[in-house]
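Here are a few exercises to work through with the model open beside you. Try each task before you read its solution.

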There are 2 protein chains.
Amino acid sequence: MTVRALVFDVFGTLVDWRSGIADAFRASGVSGDPEELADAWRARLWPILAEVNSGARPWGNFDELHLVTLTDLLSERGMDLSAQERSRLVGAWHQLNPWPDVRAGLDALRRQRVTAALSNGHLALLVDLARHGDLRFDCLLSTEMWRAYKPAPEAYQTPACLLGVKPGELMLVAAHPADLKGARSAGLRTAFLDRPLEYGPGSPAREDPQADESVGQLHELAERLAS
Amino acid sequence: MTVRALVFDVFGTLVDWRSGIADAFRASGVSGDPEELADAWRARLWPILAEVNSGARPWGNFDELHLVTLTDLLSERGMDLSAQERSRLVGAWHQLNPWPDVRAGLDALRRQRVTAALSNGHLALLVDLARHGDLRFDCLLSTEMWRAYKPAPEAYQTPACLLGVKPGELMLVAAHPADLKGARSAGLRTAFLDRPLEYGPGSPAREDPQADESVGQLHELAERLAS
C-alpha cells in the first residue's frame, strides 16, 4: 500500500524541547541543574497523559497539564516560584526551536505528500511552534480535537480518517519507539527518526527495528520515500 | 478587544467554486448551461447542511453530500451520468482556484496574526484546496472536527477555543452575510469581503452593514487591521 500522507510527532521529533526548557529554567533563577529540571518536568508528562486517557483525570491541554506537573515538581523539591514565573515556564513550550533539518526537510516531504503535525500538544501550542520555527505543514492535527492522547488507537486512526486515507496509507514519523508502536497497532506505517540529542549529549541510544524506515534526518526520509 | 486571530470562510470567499464546477460540467458532456448547473448544485448545499444540523440526516462530509445533491439534481432534470463522471464532478470541488488576491493576501495577514481556514468542507478537501492554490494558513479548521456545520453557534465558538482566544478576539472573514451573522451571534468579530463575481457577472450585490470591516480584497483588510 502506498504512503499517501505523513504525520509528524512534534516534541523531541521536530523541536528540541530540552534546550528551550533548560534556558527557561536558567532565566527563572531557580536553583539546580536546568537540563536536569527540564528532563524531570518532561518525564512527568507521560503519567499524567495516561491518567487522562484512563479517565482518572479530566481533559486538560498541555498548558494546564504542564502547570500541574511543574507545580508538583517544584513542590517535591521544596522550591518556590511565583505564578508569573511558572506561567512563563509553561509558555516556554510555545517557543521551542526546531532541529536544524526540520524546516527544509518538511518542505521536501510536503512536495511529495500530504504532511501534518500530529501531537498531543493542543492546537494553539502547535500554531505557536509552527509560527516560531516557520514550519509549513498542510495542516495541524492535535489529539485535543478528539480528546484521546497518543498512544490510544483513536489518536492514530482519527487522523487517517480526517486526511481521507486508510491507516495503512498513513505514516507516522517519530523519534519515540512507544509512539511508533502505538501507530503500528492502529495499522499505520512508521518511520523512526533518530534524535540522538533529545536528552542532550549522552542521550540513551534508541532504535526501532519494526519501523518501515529508520533515518537520521528528514531529508533522508524524503529520499527514501521518493525512490 | 484586539483581534488576535482570523478565520476565513473558503468556498466563495477564498476560492471561485463557480468557474471550476462549470468547467467540470462542461467537460462531463452533460447538456445544459454549465454555469447554471453549477449554481443549481451549489444552491442545494444549504438545505442539506440544515438537515444535518437538525439531526434529520446523519453526518456526511462534503464529498458525500455533494454526491447526494448532484444525484438529486440530475434526477430532477432527467439527466444521467455514470458513477465515474459523478465522482469526477465531486472531485472538482477539490481543485478550485483561489481568487487573484488570496495567496499574497493571506501571507500579508499571516504576518500580522494567526490565520486559519474555517469551512464546512471536510479537512481532506481543505488540504487539497490549500495545496492546489498554494495557500498558506497557520492551520485548517473544518466543522467536520466537531460535527456542527456553520452557522450553528459551536461552529464559531469551537475555533476560538481551539485557537486559544476569546470569541471577541476572533474575526471571521467571509463573503456571505449569513455566515457573518452566525459568527456575530456567537460573539465573533466580522469582516465582509465582497466577491462580486461569486455568481458570475451580474451577481446580486451584497453588503453587510453590521460587519466590523467591509473590504474588496484581502490586502485591504491587512491594511485596515494594521492601522
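Before starting, one definition: copies are superposed by least squares on the C-alpha atoms of residues with pLDDT of at least 70 in both. This is a predicted model, in which local features need pLDDT of at least 70 and side-chain atom pairs count only at pLDDT 80 or more, while totals for chains, interfaces and linings use all residues. Residues are numbered from 1 along each chain as its sequence is written, and chains are lettered from A and ligands numbered from 1 in the order in which they are written.

**Exercise 1. Work out how chain A is related to chain B.**

Step 1. Superpose the two: a turn of 180° with a shift of 0.0 Å along the axis lays chain A on chain B, and the RMSD is 0.0 Å.

Step 2. Name the relation: that is a two-fold axis.

Step 3. Look for the C-alpha of chain A nearest the axis; A:Cys139 has it, 2.7 Å away.

**Exercise 2. Describe the side of chain A that touches chain B.**

Step 1. Count the contacts (two residues are in contact if their C-beta atoms, placed from the backbone, lie within 7 Å). You get 14 residues of chain A against 14 residues of chain B.

Step 2. Find the elements (helices, H or I, of at least four residues and strands, E, of at least two are DSSP runs, numbered from the N terminus). Helix H7 (123-133), strand E3 (139-142) and helix H8 (154-163) of chain A each give two or more residues. H7(A) gives the most, with 5 residues.

Step 3. Sort by class: Ala, Val, Leu, Ile, Met, Phe, Trp, Tyr, Cys and Pro count as nonpolar, Asp, Glu, Lys and Arg as charged, and the others, Gly among them, as polar. This side of chain A then has 10 nonpolar, 1 polar and 3 charged residues.

**Exercise 3. Split chain A into its domains and see how they meet.**

Step 1. Take the bounds, which come from an automatic or database domain assignment: domain 1 is 5-16 + 96-226 and domain 2 is 17-92.

Step 2. Go from centre to centre over C-alpha atoms, and you cover 23 Å.

Step 3. Check the contacts: 18 residues of domain 1 of chain A meet 12 residues of domain 2 of chain A. The domain 1 side is made of 8 nonpolar, 6 polar and 4 charged residues.

**Exercise 4. Decide whether A:Asp134, A:Arg147 and A:Glu223 are buried or exposed.**

Step 1. Set the cut-offs: with C-beta atoms placed from the backbone, a residue is buried if 20 or more other C-beta atoms lie within 10 Å of its own, exposed if 12 or fewer, and partly exposed in between.

Step 2. A:Asp134 sits in the loop between H7 and E3 of chain A. Its phi is positive, about 55°, although A:Asp134 is not a glycine. A:Asp134 counts as exposed because it has 9 C-beta neighbours inside 10 Å.

Step 3. A:Arg147 belongs to the loop between E3 and H8 of chain A; its phi is also positive, near 55°. With 13 C-beta neighbours inside 10 Å, A:Arg147 is partly exposed.

Step 4. A:Glu223, in helix H10 (residues 218-226) of chain A, has 11 other C-beta atoms within 10 Å, so it is exposed.

**Exercise 5. Track down the cis peptide bond before A:Pro151.**

Step 1. Go to the loop between E3 and H8 of chain A, where A:Pro151 lies.

Step 2. Read omega from A:Lys150 to A:Pro151: it is near 10°, and the bond is cis.

Step 3. Now try chain B: B:Lys150 and B:Pro151 are joined by a cis bond too, with omega about 10°.
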